[in-house]
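Work through these exercises with the structure open beside you. Try each task before you read its solution.

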Protein chains: 2
Amino acid sequence: MTISGASLIGQNRVQGDGPPFHGIRADNGESLAPAFGSAGEAQVELACTLAQQGFDAFRQRPYEHRALLLEGIAQGILDLGPALIERAMLETGLPAARLEGERARTVAQLRLFARVVRDGNWVAATLDSAQPQRAPAPRPDLRMGKIGLGPVAVFGASNFPLAFSVAGGDTASALAAGCPVVVKAHPAHPGTAALVGGAIQRAVTDLGLPEGVFSLLFGRDLALGEALVRHPAIAAVGFTGSRRGGLALLALAQQRPQPIPVYAEMSAINPVLLLPAALRSRGETIAQSFVDSLTLGAGQFCTNPGLLLGIAGADLERFQTYATQALAGKDAATMLTPGIHAAYQQGVERHAASTGVRLLARGRGTTQPFAACAALFAVSAQTLLANPALSEEVFGPAALVVSCRDEAELREVLEHLEGQLTATLQLDAGDHELAAGLMPILERKAGRILANAFPTGVEVTYAMVHGGPFPATSDARSTSVGAAAIERFLRPVCYQDLPQALLPEALRDGNPLAMWRMRDGTPSLD
Amino acid sequence: MTISGASLIGQNRVQGDGPPFHGIRADNGESLAPAFGSAGEAQVELACTLAQQGFDAFRQRPYEHRALLLEGIAQGILDLGPALIERAMLETGLPAARLEGERARTVAQLRLFARVVRDGNWVAATLDSAQPQRAPAPRPDLRMGKIGLGPVAVFGASNFPLAFSVAGGDTASALAAGCPVVVKAHPAHPGTAALVGGAIQRAVTDLGLPEGVFSLLFGRDLALGEALVRHPAIAAVGFTGSRRGGLALLALAQQRPQPIPVYAEMSAINPVLLLPAALRSRGETIAQSFVDSLTLGAGQFCTNPGLLLGIAGADLERFQTYATQALAGKDAATMLTPGIHAAYQQGVERHAASTGVRLLARGRGTTQPFAACAALFAVSAQTLLANPALSEEVFGPAALVVSCRDEAELREVLEHLEGQLTATLQLDAGDHELAAGLMPILERKAGRILANAFPTGVEVTYAMVHGGPFPATSDARSTSVGAAAIERFLRPVCYQDLPQALLPEALRDGNPLAMWRMRDGTPSLD
C-alpha cells in the first residue's frame with residue numbers, strides 16, 4: 001500500500017485543491033512524506049452527494065451485506081500488516097505494542113458490529129396485531145422497525161489513530177446502521193488514515209456496494225469540517241476530541257436549516273472516590289494502580305483518572321505518599337502532537353500556579369522535546385469548589401487529589417462536578433453504606449460507574465457505555481463504544497396495514513430473518 | 001373540584017404573581033371564571049427546585065410505585081366526571097363525544113405506561129458476563145440499565161386538551177421514566193388543565209411520593225415557558241405545537257450552559273398518495289374517506305391529510321369531483337381558539353390568492369364567528385415545487401390536490417417535501433410495483449407509512465411512531481405517542497464490577513424483577 005496524499009471519494013482518489021500539508025513525526029516534529037492535498041468545497045460536495053445517492057441502495061441491501069462489509073474492513077486492516085503499525089508509530093509516538101493492541105481492538109469492534117447487524121436486535125422490530133373486532137373502530141396492524149438516519153460525518157480522535165478514527169467505533173456503528181460515512185481524517189495521523197481508508201474503499205468495491213458508502217477527506221483547516229457538517233446530505237455527526245471542537249460542530253449542526261444530531265465525546269476528568277475503608281486497607285495498591293492508569297499512553301485517554309477524592313486524614317496522606325513514590329518512577333512519554341504537548345505543559349503550569357494547589361509529585365524528567373512528564377497535585381475541596389479551572393480537563397498524565405473534610409463535603413464536590421464519562425469507587429465492604437448513598441449522585445453525573453478498577457480500560461461489549469452527561473458528551477442518551485453505539489444512527493418507522501411485499505423483510509409475517517421481535521409487548525422469535 | 005386559578009406547585013396551590021388571565025369560550029370568545037394568576041420566575045424556581053429535589057427519591061422508588069402513580073392519575077381523571085368534559089367543551093369548542101373519546105384515550109395511555117413500567121423492557125437491562133480467564137487481562141462484569149434524564153418540562157397542545165396536555169403522553173412517559181414533570185398549562189384550556197393537574201397532585205400525595213414529582217404552572221406570556229426551559233434543573237422538554245414555538249424552545253435549550261434535548265412535535269402536511277389503480281377502482285370511496293379525515297375535529301390534527309398527490313388524468317379529475325361533492329356537505333366547526341381560527345382564515349386566503357392555485361370546493365358556510373369552513377384546492381406539481389409556501393401547514397380543514405405529470409414528477413414532489421409525521425398510500429394490487437419504488441423515499445420522509453387508511457387515527461400501542469424527520473419533529477429518533485415515547489427521557493448507565501448491593505434491582509443476579517434482559521447479546525428471562 002502506498003499513501004498517495006489524495007482524498008478517497010467513492011471509488012476514486014481525488015487530489016484536494018486546497019493547500020497541502022504533511023503528517024508530522026510525533027517524537028521530533030519533522031514532516032513525513034507525502035504531502036496531503038486539503039479537500040475543499042468541491043470534494044465535500046462530491047463525497048456527500050455520492051453518500052446521499054448511495055444511501056437507499058446500501059440500506060436496502062440484505063443486512064448480511066453490511067456484516068460482510070464490516071468483516072471485510074477488519075480483514076483489510078489486518079492485511080495492511082506492519083506498514084500500518086510503523087506509520088502510526090511515526091505519526092502518534094505511541095509504541096508498537098499499544099498500536100498492535102489497538103488494531104486488535106479495532107478489528108474486534110468491526111466484527112462485533114457484524115454480529116450486531118446479523119442478530120438484528122438493533123431493528124427493535126415491534127409488531128402489534130390488528131384487532132379487526134375492536135369497537136368503536138378496528139385496530140390496524142402496526143409494525144415498527146428502525147432504519148439509518150442517512151449519511152454520517154465522522155471526525156476521528158487523535159489519541160486512538162485506529163479504534164476511534166477512520167475505521168473506529170463511529171464508522172463501524174454508522175455502517176452497521178446502514179448509513180454511508182464521510183470521514184474527515186485527523187490531521188495528526190493522515191498516513192495512518194490513508195492506509196485504513198484504502199482498506200475500507202477496497203472492501204466496499206469488493207462487495208459491489210454503492211461507492212458513496214465511504215469517503216475519506218484530508219484537510220487541516222476547520223473549514224473542511226464545517227463544510228461537511230453544513231452539507232444538507234449529512235444526517236448526523238460523530239466526533240471525538242476537544243470540548244471546543246465538539247461545541248463548535250454542535251453549534252453548526254444546530255444552525256442548519258435542518259438541524260442534525262451531533263454525538264461529540266469531549267472532555268472528562270473521571271473522578272475516583274477513595275472511600276475510607278478501602279483507603280485504609282489498600283492505600284498502597286490503589287496508589288500504584290492509579291499511577292499506572294494515569295500514565296498509560298502518556299495519559300492520553302478520555303477516561304484518564306484526573307481527579308481523586310478522599311476524606312482528609314492520615315490514610316489519605318499515606319495514599320499521597322505512595323502515589324508520589326510511584327509517580328516518581330514513571331518515565332516521560334512522547335505525546336501525540338507538539339500541540340497536545342504544549343497544551344499539557346500549559347495545563348500543568350496553570351494548576352501549579354493556582355492558589356491553594358500543592359504539587360505532590362512529577363514523573364521522571366526528559367530531554368525529549370514533546371514528551372510529557374506526569375504531574376500530581378493536592379488541593380482541598382474548598383479550593384476546588386472555588387476555582388472552576390481546576391475541574392477542567394488537562395489532557396495528559398496530570399491529576400488532582402482532593403481532600404474533603406467529611407462525607408458531606410465529598411457529596412458537595414460530587415454535586416459540583418460537570419458530567420463525566422466515568423466515576424470510580426475504590427471501596428471495601430465497610431464502605432458499602434457510604435457508597436449506596438453516593439450512587440444516585442454518581443448515576444446522575446457519569447455514564448459508567450466502576451468499582452475497584454480504573455477507568456482507562458473501555459471494553460467493547462453490549463453493556464458498555466462510553467458516554468455521559470454534558471460536557472462529557474453532547475448527548476447523554478448514547479454511547480460511542482459498544483453495541484448500543486449503533487442506536488445513535490437509527491430512527492423508527494411505523495408501517496400501518498402495509499401489504500407484506502412492501503414491508504422490510506425484518507417485519508414480515510413468519511419472521512424470515514429469525515430475529516427477536518417484540519410481539520404485542522413481549523419478546524418473541526415467532 | 002373547584003378551579004382556583006392558582007398554579008399547583010408540589011403539594012400547594014400557589015397564586016402566580018404575574019398578570020391574571022382567563023380561559024376563553026371557544027364559540028364566542030367570552031371570558032370564563034376564574035382568573036388565573038400568571039406564574040413568574042419565583043414560581044418557576046420553586047417548581048423546578050422541588051422537581052430536582054424529588055428526582056432521586058422518585059426514581060429510586062420501586063418501579064411499581066410509578067405504575068401505581070400512572071394508574072392513580074387515570075382513575076383521578078375519570079373521577080372528575082362530567083365537570084371535566086363540560087369545562088373542556090367550553091374552552092375548546094370540541095363536542096362532548098370527541099372529548100369523552102379523548103378522555104378514554106388519555107386514561108388508556110396512562111395505563112399503557114403503567115404496564116410498560118412493570119414490564120421493564122424500557123430499562124434495556126444488558127448484562128455481559130465477566131471473563132476472569134481472558135488474556136491478556138480479565139474482562140470485568142458489565143451491566144447496563146437506563147435511568148431517567150431528570151425533571152422534564154412539558155408544553156401541552158391546544159388541540160388535545162387531555163391526551164396531549166397536562167396528563168398526556170409527554171407527562172405519562174416522563175413519569176414512567178422516573179422523571180418529575182413541570183407542566184406549563186396551555187392558556188387555551190386553563191380550567192381543563194387545572195382539573196387534571198389537581199388529579200395528578202392528589203395521586204402524588206396519595207402515594208406519598210416526593211411532592212416535586214409534579215407541578216403545573218399557569219401563564220400566557222412566552223416568558224414563563226422560556227424561564228422553564230432555561231432553568232438548570234430541567235433536563236428535557238416535551239412540546240406539541242407550532243413550528244415557530246417549537247423552534248424557539250429548541251434554540252433556548254441549545255443556548256443553555258448545559259444543552260438539553262427538546263422533543264418538539266411541530267408541523268406536517270401528511271401527504272396522501274393516490275396511486276393509479278386505487279384511484280381508478282375506488283376513487284369515490286377514497287374521496288369520501290379523505291373528506292371525513294380532513295374535516296374531523298375541524299381539521300385540527302397534527303396528522304391531518306393536507307396534501308394529496310396523484311397522476312394527472314381522468315381518474316384524478318373524477319376524484320376531485322367526488323371530493324368536491326363530499327366537502328360541500330360538511331358543516332363548519334368551531335375552532336379551538338379565535339387565534340387559530342384567524343390563522344386558518346389567513347392560510348386559506350393565502351392559498352386562494354396564490355398563482356396557479358385553483359379553489360375546488362368549500363364546506364358549508366356559517367355565521368358562527370370562530371367556525372372553520374373546509375377548503376380544497378388544486379395545483380400542478382410544478383406550481384407546488386415553485387412555491388414553498390404551498391407546502392406549509394395550514395392548521396385546520398384545508399388541503400391541496402397536486403396533479404403530477406407522471407411518476408417521475410410524483411417522485412420529484414416527494415423528494416421536495418420536508419419531513420412528515422405520516423405518508424399514506426392509497427393503493428391496489430396493481431400499484432404494488434410503483435409503491436415499492438416509492439417506499440425508500442417515504443421511509444426517509446415520514447415517521448409512519450399507512451396503506452389504505454387516513455392518518456388522523458394515531459393508535460397508542462408499542463409499534464406506533466408519532467414522530468418524523470424535521471420539521472415534523474425536532475428529533476426524528478423518537479416518538480411522542482406509544483410505548484417507545486418513554487425512551488426520550490432515558491439515558492444508559494453502565495455498572496462495572498459493582499457489588500450486588502449497589503446495583504439497581506433490575507440488574508442484580510437472579511433477575512429479581514423477572515424482566516427480559518439481554519445477557520451476553522441474547523434476550524433472556526434468567
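**Exercise 1. An edge pairing**

How many bridges join β15(B) to strand β17 of chain B, and do the two run parallel or antiparallel?

Solution. This is a predicted model. Step one: find β17 at residues 375–380 of chain B. Step two: count the bridges to β15(B); there are four. Step three: compare directions; the two strands run antiparallel. Step four: pick out one pair. Leu359(B) stands opposite Phe377(B) in β17(B).

Now add a helix. Helix α11, residues 338–353 of chain B, packs on the sheet. It touches β15, β17 and β18 (398–404) of chain B. The direction of α11 makes about 25° with that of β18(B).

**Exercise 2. The whole sheet**

Trace the strand order of the open sheet, then find its edges.

Solution. Step one: start in chain A. The order begins β23(A)-β22(A)-β5(A)-β6(A)-β21(A). Step two: cross into chain B. The order goes on with β20(B)-β19(B)-β12(B)-β13(B)-β18(B)-β17(B)-β15(B). That makes an open sheet of 12 strands with mixed pairing. Step three: look at the ends. β23 (522–524) of chain A and β15 (358–362) of chain B each have a single partner strand, so one side of each is left without a neighbour in the sheet. Step four: check the twist. It averages 25° from one strand to the next.

**Exercise 3. Where the chains meet**

Describe the side of chain B that touches chain A.

Solution. Step one: count residues. Chain B gives 54 residues to the contact, and chain A gives 54. Step two: name elements. Those of chain B that give two or more residues include α1 (41–60), α14 (432–445) and β21 (490–496). Step three: sort the residues of chain B's side. They divide into 32 nonpolar, 11 polar and 11 charged.

Step four: find a strand pairing between the chains. Three bridges join β20 (residues 446–451) of chain A to β21(B), and these strands run parallel. Leu450(A) has Gln496(B) as its bridge partner.

**Exercise 4. Two helices**

How do the axes of α13(B) and α14(B) cross?

Solution. Step one: locate α13 at residues 407–416 of chain B. Step two: read the geometry. The axes come within 10 Å and cross at roughly 10°. Step three: classify. Angles under 35 degrees count as roughly parallel, so α13(B) is roughly parallel to α14(B). The crossing is right-handed.

Step four: list who meets whom. Glu407(B), Arg411(B), Leu414(B) and Glu415(B) in α13(B) meet Leu434(B), Leu438(B), Ile441(B) and Lys445(B) in α14(B). The residues of this contact divide into four nonpolar, no polar and four charged.

Methods: Residues are numbered from 1 along each chain as its sequence is written. Chains are lettered from A and ligands numbered from 1 in the order in which they are written. This is a predicted model: local features need pLDDT of at least 70, side-chain atom pairs count only at pLDDT 80 or more; totals for chains, interfaces and linings use all residues. Two residues are in contact if their C-beta atoms, placed from the backbone, lie within 7 Å. Ala, Val, Leu, Ile, Met, Phe, Trp, Tyr, Cys and Pro count as nonpolar, Asp, Glu, Lys and Arg as charged, and the others, Gly among them, as polar. Two strands pair if DSSP finds at least two bridges between them. Axes are lines fitted to C-alpha atoms, for helices over the stretch in contact, and angles run from 0 to 180 degrees between N-to-C directions. Angles under 35 degrees count as roughly parallel, over 145 as roughly antiparallel, 65 to 115 as roughly perpendicular and the rest as oblique. A crossing is left-handed if the near helix is turned anticlockwise from the far one by less than a right angle, and right-handed if clockwise.
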